[in-house]
Amino acid sequence: MKGLSLNIDKLSFSYGSQKILEDLTVQFQAGSFVSIIGPNGSGKTTLLKNISAALVPQKGKVLLQGQDVLRIKPKKLARQMAVVPQDTAVNFAFTVFETVLMGRMPYLKRFESESDRDVAVARWAMEVTHTWHLKDRSITEISGGERQRVIVARALAQEPQVILLDEPVAHLDPQHQMELLELLQTLKESKNLTVVTVLHDLNLAAQFSDYVVLLHKGKVFAAGRPEEVLTVKNIEQVYRVEVVIIPNELTGRFNIIPVAKSTPPQGKLRNCRIHLVCGGGSGAFIMDRLVRSGYQVSCGVLNIGDNDWRKARELGIEIAYEAPFSPISEKAYQKNERLLDRADVVVLLSLPFGAGNLSNLEQVYSALKQGKKVLVVGDRNLAGRDFTGGKATDLYDAIVKDGAVLLAEVKDIFNVLETMY
């Protein structure tokens, strides 16, 4: 099986006077995994229907390996391209096996029966989608998730070079979601299958895609590699939700974590410097929100590669940093001291302390004794977070006792700051 390229050239589509897609131009390489994402109503399903020739655009073309899909005979197109629709309801009581075998119809002449090879291909498609055990069941009597996998099996039975899927994991539990997307990824690699799928789950798009198209109000808002499209700025502008993006060390990709219902407006620059003592991702949300609210932010000491270090670098925040897995050096200590001296408020977030970062706590205590305002987020004690044999606990207790403001949650920081600045 050989993958085919798809080019969408200046495509526009309307339902009557209502514009759905406007002047879309995007290219998909053969053998790539493409995710189409965007809010409800952005035109994702309509785009898929135009690609499959189910709809005729008012302007522009969809080119499959350089040929207009509208000029390809339906039977030939069905051999090259398979479609898994959003609605997989079936009204006729065929067996599951009969339903999958229908995927071989583009290869049969009129009134021709299925060959042994057709049966073998259908069985293969069912086995890889884990539906073979359902072969004798009626398609109308299985669950929605099972039916979804059967329809994917039918599409694979067409032996397509391109497969289009409209929200294929919508009715699947997490296990079957991963199984299906991993299967498509495997077929992409082993058979050079071009996969184009509409996804709502941005994390799944981030994990599996080679290329992502972000639609917004019928236009291509962004297109490119996942890390180029699924950015904090793009997600907030299109979805109106505030997120934090952290690396996924297991997959080598990244995870997107929603943290607020809507994006707070960019605040005017405030005459207030805040120094964060954080690490391991504990500060990613708060530093982003503080910058948006107009505060001048610094943080440290952080190890290079730490999730908070990456977020601070992304935001252009000044950092005191140290090499990975290394104790805080004199140079990093001095840089942190300078940042603390310039700060108006020091925020100590909830994180564990060991020998390597104990000096961070020592510097917070020193800043408090010098009259700095210190906010401590978390429990009243370091239970379960002290790996220094009690030294960190003593310092932490002294910080809380000697005047730091103890806050239960990160969001409380803003309430305190608003009363001060």
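In this predicted model, the largest cavity holds about 40 Å³ of space, and the count of cavities of 30 Å³ or more comes to one. Its lining is made up of Glu 337, Leu 340, Asp 341, Gln 363, Ser 366, Ala 367 and Gln 370. Two elements, α12 (330-342) and α13 (358-369), each give two or more residues to the lining of this cavity. Sorted by class, the residues that line the largest cavity are two nonpolar, three polar and two charged.

Besides the cavity, the model has pockets, and about 420 Å³ of space lies in the largest pocket. This pocket is lined by 20 residues, and those closest to its centre are Gly 280, Leu 302, Asn 303, Asp 306 and Asn 357. The element that gives the most to the lining of the largest pocket is strand β14 (residues 296-303), with three residues. The two linings are set side by side, by class, in the table below.

| Space | Volume | Nonpolar lining residues | Polar lining residues | Charged lining residues |
|---|---|---|---|---|
| Largest cavity | about 40 Å³ | two residues | three residues | two residues |
| Largest pocket | about 420 Å³ | 10 residues | eight residues | two residues |

The next topic is the nonpolar cores. In soluble globular proteins, nonpolar side chains tend to be buried together. In this model the largest nonpolar core has 50 residues, and those with the most contacts inside this core are Val 100, Ile 163, Leu 184, Leu 230 and Ile 256. Helix α5 (residues 144-157) supplies the largest share of the core, namely seven residues. Apart from this core lies another one, of 28 residues, which includes Ile 20, Val 162, Val 198 and Val 213.

Leu 230 can serve as an example from the largest core. If residues up to four places away in sequence are not counted, Leu 230 touches Ile 37, Leu 202, Ala 205, Ala 206, Ile 235, Ile 245, Phe 254 and Ile 256.

A further leucine, Leu 406, has its place in strand β18 (residues 405-407). Leu 406 counts as partly exposed because its relative accessible area is 28%, which lies between the limits of 20% for buried and 50% for exposed residues. Again leaving out residues up to four places away in sequence, Leu 406 touches Val 376, Gly 378, Asp 379, Arg 380 and Tyr 396. From Leu 406 to Phe 353 the separation is 53 residues in sequence and 18 Å in space, taken from C-alpha to C-alpha.

Methods. Residues are numbered from 1 along each chain as its sequence is written. This is a predicted model: local features need pLDDT of at least 70, side-chain atom pairs count only at pLDDT 80 or more; totals for chains, interfaces and linings use all residues. Side-chain values use heavy atoms; hydrogens and water are left out. On a 1 Å grid over the protein atoms alone, a cavity is a set of points where a 1.4 Å probe fits but cannot get out, and a pocket is an open set with protein on both sides within 12 Å along at least five of seven lines; lining residues have an atom within 4 Å of a point. Grid points are joined across faces, edges and corners, and a volume is the space filled by probe spheres set on the points. Helices (H or I, at least four residues) and strands (E, at least two) are DSSP runs, numbered from the N terminus. Ala, Val, Leu, Ile, Met, Phe, Trp, Tyr, Cys and Pro count as nonpolar, Asp, Glu, Lys and Arg as charged, and the others, Gly among them, as polar. A nonpolar core is a set of buried Ala, Val, Leu, Ile, Met, Phe, Trp, Tyr and Cys residues joined through side-chain atoms within 4.5 Å. Buried means under 20% relative accessible area, exposed over 50%, partly exposed in between (1.4 Å probe, protein chains only). Contact means heavy atoms within 4.5 Å.
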